[in-house]
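Biologist: I'm new to this one and would like to go through it with you. Could you show it to me and explain the terms as we go?

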Amino acid sequence: MTYQERYQAWLRDFAQDQATVDELRAIASNESEIEDRFYTDLSFGTAGMRGVLGAGSNRMNIYTVRRATRGLANYINLDPSQPSKGVVIAYDSRRMSTEFAREAALVFCAQGIKTYLFESLRPVPVLSFAVRELGAVAGVVITASHNPAQYNGFKVYWEDGAQLPPDRANDVLANIRAVAYAAALPMDEAQAKATGLLTMIGEEIDETYINKVRTLSMQPELMATEGKRLKIVYTPLHGSGNIPVRRILREIGMEGVIVVPEQELPDPDFPTVQMPNPEDPAAFAMAMALADREGADCVFGTDPDCDRVGVAVKDGQGEYRLLSGNQIGCLLLYYILISRRERGTLPANGAVVKSIVSTELARAIAGDFGVKVFDVLTGFKFIAEKIQEFEETGAFAFLFGFEESYGYLSSTFVRDKDGVNASMLIAEAAAWAMSQGKTLYDILQEIYEHYGYYADGVVSVSLPGKDGLERMAGIMRRLRAEPPRELAGLRVLAVRDYSKGLMGMPPSDVLYYELEQGSWVCVRPSGTEPKMKLYVNTCGRDKAGAEQRNGELRAAVQGLVE
């Protein structure tokens, strides 16, 4: 069907939904808006689907949620042993999250699949944990992570607690495409509860999860003393992290936790920020101002689904500085490894897993402790696959995994980024530094002095709409056909084209350029947003040189795609 035919079909099929009909009739004279809403179905991949809220096949609404759920249900039902295991559903604070979660639950129930629905908003790591704890076959989180307020999403997990790998995501997508929007219908809620297909869950899962996270503490005795001295300002950015993050900090002995009052409670409009993204310095403006007034040692922020954590610490001049995801990851890695070595719990076969676009500083640190580093494609599901592999073979003991995009994990009972786990460890590392008369910034400088200064930067080039997708594909085709020989004066030593499935990894639309002097650049279309992501890493013996080179490279690689 053409986009106009789809538009007319929605007006007919959902004629009883007056709000949807009114919204669609309001754009009747806007050809480009109709095209954008109906030229395609909302993309579904390894991260599920994510999009702007609104009526249309290329938008997030109850009909796209129902259809995706029905397709996933059909896939689950291909194996008769799976439906009774059940599906777990969680949601965050975004617009329509509660409604989408309920619709998804009732569509699963209509297909005979036992469904566990959280009674109120919960973070991504709690959902991942619950899937494993309850022995469910799959899980769903209604969230758009750190995207602006007009977005929501449908994130899918499998029975290992990780997001779908590419092959399984493609199989689920095939089942979704076979479902007509109007044919994806929910069961009556009262009937679903009466038949035992729908079960509400909550505190019992929280309790077990928090108790497990506490076991990840590296130095609990130290926290009993230093935890009373450390002062932290925390912001959940109107999301789901408020209760679990504050609870875990309290339970390990952190008494000086101050929450940004204007950002404490869930709010789908995220009124105090442009984007609820802990990668964005602007999202920390209120927290830093409060920290300055309170004399706090450090500042934490989690995104709405609490899988990412941003951190700001005081630098040598007493100013709060937002750390990069790579810096946080390396601080945590160093703290974990040195704590384990001091306590005699560092295994001989220890392993760290990071994404290919994350800093090589991690390899230098890990190597100093005799720990092996594994690289995987971007997406925490690939880190989860390595954890599963280590468990099955016994060849390595997983110690830590991270991505430069502010995602960290030190457990094996969760298989995705865990903002609660990470917040606890960052607080501990800060208290550990304080016990030595230092700050986290001081520890970071010591790491650089010992291993070399590594500078990292990410440039995002937005390319929205149908034309944006075509432009991204064109850029990647051109770069493959005409690879650069040098960037910012540095020779390109090698080009890794991950679309060919390098190093045992599944094919991925990623180009990686190895450059002189230990620098590298990586280019990839985002898997969750309409943008190109350009990663630039440089290293040197001093900060100024590494950062200058990084800036020059960022400008050069941006020129490649614009």
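Modeller: Sure. One term to start with: buried means under 20% relative accessible area, exposed means over 50%, and partly exposed is in between. Keep in mind that this is a predicted model.

Biologist: Then why is glutamate 33 called partly exposed?

Modeller: Its relative accessible area is 22%. Partly exposed covers values between 20% and 50%, so glutamate 33 gets that label.

Biologist: And what about arginine 37, buried or exposed?

Modeller: Arginine 37 comes out at 10% relative accessibility, so it counts as buried; the cut-off is under 20%.

Biologist: How do you know that glutamate 33 and arginine 37 form a salt bridge?

Modeller: Their closest N and O atoms are 2.8 Å apart. A salt bridge needs a side-chain nitrogen of Lys or Arg within 4 Å of a carboxyl oxygen of Asp or Glu, so the pair qualifies. The two residues are 4 apart in helix α3, so about one helical turn separates them. They also belong to a salt-bridge network with Glu23, Asp36 and Arg59.

Biologist: What makes lysine 417 and aspartate 416 a salt bridge?

Modeller: The closest N and O atoms there are 3.9 Å apart. The limit is within 4 Å, so this pair counts as well. Lysine 417 is buried at 5%, and aspartate 416 is buried at 1%.

Biologist: How many salt bridges does the structure hold?

Modeller: It holds 38. One of them joins glutamate 226 to arginine 229, with 2.6 Å between the closest N and O atoms. Glutamate 226 has a relative accessible area of 11%, so it is buried.

Biologist: Let's move to threonine 359. Why is it called buried?

Modeller: Its relative accessibility is 2%. Since buried means under 20%, threonine 359 counts as buried. You'll find it in the loop between β12 and α14.

Biologist: Which residues does threonine 359 touch?

Modeller: Leaving out residues up to four places away in sequence, threonine 359 touches Asn326, Cys330, Lys354, Phe402, Tyr454 and Asn537.

Biologist: What makes its side chain's approach to leucine 361 a polar contact?

Modeller: The side chain of threonine 359 reaches the backbone nitrogen of leucine 361 at 3.0 Å. A polar contact asks for N or O atoms within 3.5 Å, so that distance fits.

Biologist: Now the empty space. What makes the largest cavity's lining nonpolar?

Modeller: The lining divides into 8 nonpolar residues, no polar and no charged. They are Val311, Leu323, Ile328, Leu331, Leu332, Ile426, Ala429 and Leu440. Val, Leu, Ile and Ala all count as nonpolar. The elements giving two or more residues to that lining are α13 and α16, and α13 gives the most, with 3. The volume of this cavity is about 50 Å³.

Biologist: How does the lining of the second largest pocket divide?

Modeller: Into 9 nonpolar, 4 polar and 6 charged residues. The pocket holds about 360 Å³ of space. Among its 19 lining residues, Leu121, Arg122, Asp206, Ile243 and Pro244 lie nearest its centre. Two or more lining residues come from each of α9 and α11, and α9 gives the most, with 5.

Biologist: Which residues of α11 are buried?

Modeller: Asn242, Pro244, Val245, Arg247, Ile248 and Leu249. They pack against α9, β7, β8, β9 and α16. After the helix comes glycine 253, with a positive phi near 105°.

Technical notes: Residues numbered from 1 in each chain as written. Predicted model: local features only at pLDDT ≥ 70, side-chain atom pairs only at ≥ 80, totals over all residues. Heavy atoms only, no water. Buried < 20%, exposed > 50% of the residue type's maximum accessible area, 1.4 Å probe, protein only. Contact = heavy atoms within 4.5 Å. 1 Å grid on protein atoms, 1.4 Å probe; cavity = no way out; pocket = protein on both sides within 12 Å on 5 of 7 lines; lining within 4 Å. Points joined across faces, edges and corners; volume = space filled by probe spheres on them. Polar contact = N/O pair within 3.5 Å; in protein donor to acceptor, adjacent residues only side chain to side chain.
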